[in-house]
Amino acid sequence: MAILVVDDNEPGRHVKSRQLSALGYQVHEAASAASAVAAMRSNAIELAIIDVRLPDMSGLELCKVIKRQNANLLVLQTSAEFTAAVDRAAGLEQGADAYLVEPMEPTEFVATVRALLRLRDAESHRELLVRELSHRVKNSLAIVQSLIGF
């Protein structure tokens, strides 16, 4: 499972990456929106953790770009500056799947990441079940049509 951590604050990026790596996740890092987009092109990222303030583009704008390219990619928005309820709501309205205010407790950070990834797994499982059900219904209809033909 690959996670991308996007933060221009190197110590903050390193802490997040280290926490996730310790849990066994494959972590990629980016210090700007441009390097984040490049990392997503060359890696199968399942979750992007994006700081709101980036040097070349707002993290909220980056979230919109990501969601336009891949609506299924999970985005966890983070910020130490934009912490009011209106800021968090704006992040979620822009497409983020979750929003955490920094500094955050490591346990809350890890729990949020795990919850988002569980959501991803549940959605994948649901899609698999829908495909299987569709396949079975088509096969059943084919049998019924064949029987009607006799």
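**Exercise 1. The largest nonpolar core**

Task: In this predicted model, find which residues of the largest nonpolar core touch the most other members, and which elements give two or more residues to this core.

Solution. Begin with the membership: the largest nonpolar core holds 19 residues, and those that touch the most other members are L4, V6, M40, I50, L62 and I66. Next, turn to the elements, where strand 1 (2-6), helix 2 (33-42), strand 3 (45-51) and helix 3 (59-69) each give two or more residues to this core. Helix 2 gives the most, with 5 residues. As a general background to this step, nonpolar side chains in soluble globular proteins tend to be buried together.

Then look at one member in detail: leaving aside residues up to four places away in sequence, I50 touches V6, G59, L62, I66, V75, L76, Q77 and T78. Finally, another core of 16 residues lies apart from the largest one, and its members include V5, L74, L76 and L117.

**Exercise 2. The buried side of helix 3**

Task: List which residues of helix 3 are buried, and state what the buried residues of helix 3 pack against.

Solution. The buried residues of helix 3 are G59, L60, L62, C63, V65, I66 and K67. These buried residues pack against strand 1, helix 2 and strand 3, and also against strand 4 (74-79) and helix 4 (85-93). At the start of the helix there is a further detail to find, since a side-chain oxygen of S58 comes to within 3.0 Å of the backbone nitrogen of L60.

**Exercise 3. A lysine in helix 3**

Task: Decide whether K67 counts as buried or exposed, and find which residue forms a salt bridge with K67.

Solution. First, place the residue, which is found in helix 3. Second, compare its relative accessibility with the cut-off: K67 has 16%, and buried means under 20%, so K67 counts as buried. Third, collect its contacts, which, without counting residues up to four places away in sequence, are L73, L74, V75, G95 and D97.

Fourth, examine D97, with which K67 forms a salt bridge whose closest N and O atoms are 2.9 Å apart. Because K67 lies in helix 3 and D97 in the loop between helix 4 and strand 5 (98-101), the pair ties together parts that are 30 residues apart in sequence. D97, at 33% relative accessibility, counts as partly exposed.

**Exercise 4. Two more salt bridges**

Task: Work out where in the chain the partners of the E81 and R53 salt bridge lie, and how many residues apart E132 and R136 are in helix 5.

Solution. The count of salt bridges comes to 7. In one of them the side chains of E81 and R53 meet, at 3.0 Å from N to O. This pair links distant parts of the chain, with E81 in the loop between strand 4 and helix 4, R53 in the loop between strand 3 and helix 3, and their positions 28 residues apart. R53 counts as partly exposed, at 41% relative accessibility.

Now turn to E132 and R136, whose side chains meet in a salt bridge of 2.7 Å, N to O. Because these two residues are 4 residues apart in helix 5, they are separated by about one helical turn. E132 counts as partly exposed at 35% relative accessibility, whereas R136 counts as exposed at 55%. Elsewhere, D7, K16 and E102 are joined into one network by salt bridges that share partners.

**Exercise 5. A lysine in helix 1**

Task: Determine whether K16 is buried or exposed, and list which residues K16 touches.

Solution. K16 is found in helix 1 (residues 10-22), and K16 is buried, with a relative accessible area of 4%. Not counting residues up to four places away in sequence, K16 touches V5, D7, I49, T78, E102, M104 and F109. With one of these residues, E102, there is a polar contact of 3.2 Å between the side chains.

**Exercise 6. A loop and a surface patch**

Task: Find how far apart the C-alpha atoms of N43 and A2 are, and which residues form a nonpolar patch on the surface.

Solution. N43 is found in the loop between helix 2 and strand 3, and is partly exposed, with a relative accessible area of 25%. Although N43 and A2 are 41 residues apart along the chain, their C-alpha atoms are separated by 7.8 Å. The side chain of N43 also makes a polar contact of 3.3 Å with the side chain of S42.

For the second part, the nonpolar patch on the surface is formed by L133, V137 and L141, which together have about 290 Å² of accessible area. Of these residues, L141 is found in helix 5 (residues 106-149).

Key:
Residues are numbered from 1 along each chain as its sequence is written. This is a predicted model: local features need pLDDT of at least 70, side-chain atom pairs count only at pLDDT 80 or more; totals for chains, interfaces and linings use all residues. Side-chain values use heavy atoms; hydrogens and water are left out. A nonpolar core is a set of buried Ala, Val, Leu, Ile, Met, Phe, Trp, Tyr and Cys residues joined through side-chain atoms within 4.5 Å. Buried means under 20% relative accessible area, exposed over 50%, partly exposed in between (1.4 Å probe, protein chains only). Contact means heavy atoms within 4.5 Å. Patches are made of residues with over 30% relative accessible area and no salt bridge: like charges are joined within 9 Å, nonpolar side chains (Val, Leu, Ile, Met, Phe, Trp, Tyr) within 5 Å. Accessible areas come from the Shrake-Rupley method with a 1.4 Å probe; for residues, only the protein chains shown count as cover. A salt bridge is a side-chain nitrogen of Lys or Arg within 4 Å of a carboxyl oxygen of Asp or Glu. A polar contact is a pair of N or O atoms within 3.5 Å; within protein, one must be able to donate a hydrogen and the other to accept it, and residues adjacent in sequence count only if both atoms are side-chain atoms.
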